[in-house]
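Here is a short report for a reader who is new to this structure. Please look over the sequence and the model before reading on.

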Amino acid sequence: MLAIGVGAVVLLLVVIIGVVVFSNSTGDSKQTQPTAKTSTSATPLPGETPGVKSPIAPPPNAGPAPTPTPTTAVTPPPVLKAGDDCPDSTLAAKGITNQPTYVIGDQPKFTMVVTNIGLVECKRDVGAAVLSAYVYSLDNNRLWSNLDCAPSNETLVRAFKPGEQVTTEVTWTGMGSAPNCPLPRQAIGPGTYNLVVQLGNLRSAPVPFVLSEAQQPGPGAPPAGEAPPPAPAAPAPGEPTLPGPAN
């Protein structure tokens, strides 16, 4: 009887433990179930359509990457040594007229001046083949050059010290000309003109001068080339003086 009572007690304890374990596992499963969320829709603003979303504009296409601009290294000019050829940058050309105004029939004299404006002595050909004078109209129309009708192959290589000048004089007859001296040549009329001196590609600043009409002799003046009549001899002492014409 005692053994039966002990077995009944053990069986009861097993049943109680099984009930407790089953209850705990059921509670854990309920707690781990996800809670459904309630979504609330926002109240649409005036002018909006519920459920319709505005399209999202794609970003603008990016342009090609800028191409870097290549840079060219600037090469400094070579250092000029004494005795080297004079570059144009070390020389200055200038024209000089022997007077500012001439009349038709005059023969103006022009002086061409080349100056070494550099700091080193150098040499340059300043012969008649490369040094020339030009006459231009004010609208830059070429009218004459000393090499048109008297071309030259002369070379004259000169050494220029700093500040030294070489001068050459030419005479203009007042006639127009063109390369190779086509004939007939026309006389240049009155007006204002420019003298320009050129050495190779080096040009001077224009120097203006005026060519005017020759003055016409007034009434009673002797013709050109004739001497005026001699003045009347003074009366001898005591001789009466005759009255002259009224002015």
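The report covers salt bridges and then one serine.

The model is predicted.

**Salt bridges**

How many salt bridges does a search of the whole structure find? The search finds four. Among them are the three pairs in this table.

| Acidic residue | Basic residue | N to O distance |
|---|---|---|
| D85 | K123 | 3.2 Å |
| D88 | R124 | 2.9 Å |
| D148 | R142 | 2.7 Å |

Take D85 and K123. Their side chains meet in a salt bridge. D85 sits in the loop between α1 (2–32) and β1 (91–97), while K123 belongs to strand β4 (residues 122–125), so the pair ties together parts that are 38 residues apart in sequence. D85 has 53% relative accessibility and therefore counts as exposed, the cut-off being over 50%. K123 has 32% and counts as partly exposed.

Next come D88 and R124. The closest N and O atoms of this salt bridge are 2.9 Å apart. D88 lies in the loop between α1 and β1, and R124 in strand β4, so this pair ties together parts that are 36 residues apart in sequence. Is R124 buried or exposed? R124 counts as buried because its relative accessibility is 17%, and buried means under 20%. D88 is partly exposed, with a relative accessible area of 29%.

The pair D148 and R142 follows. Their side chains form a salt bridge, with N and O 2.7 Å apart. D148 has a relative accessible area of 6%, so D148 is buried. R142 is partly exposed, at 28%.

**The serine S177**

Where is S177 placed? S177 is found in the loop between β8 (165–171) and β9 (191–199). With 13% relative accessibility, S177 counts as buried.

Which residues does S177 touch, leaving aside those up to four places away in sequence? They are R142, L143, W144, S145, D148, C149 and R185. This list includes R142 and D148, whose side chains meet in a salt bridge. It also includes S145. A polar atom of the S177 side chain lies 3.4 Å from the backbone nitrogen of S145.

**Summing up**

D85 and D88 both pair with residues of strand β4: D85 with K123, and D88 with R124. S177 is buried and touches both D148 and R142.

Conventions
Residues are numbered from 1 along each chain as its sequence is written. This is a predicted model: local features need pLDDT of at least 70, side-chain atom pairs count only at pLDDT 80 or more; totals for chains, interfaces and linings use all residues. Side-chain values use heavy atoms; hydrogens and water are left out. Helices (H or I, at least four residues) and strands (E, at least two) are DSSP runs, numbered from the N terminus. Buried means under 20% relative accessible area, exposed over 50%, partly exposed in between (1.4 Å probe, protein chains only). A polar contact is a pair of N or O atoms within 3.5 Å; within protein, one must be able to donate a hydrogen and the other to accept it, and residues adjacent in sequence count only if both atoms are side-chain atoms. Contact means heavy atoms within 4.5 Å.
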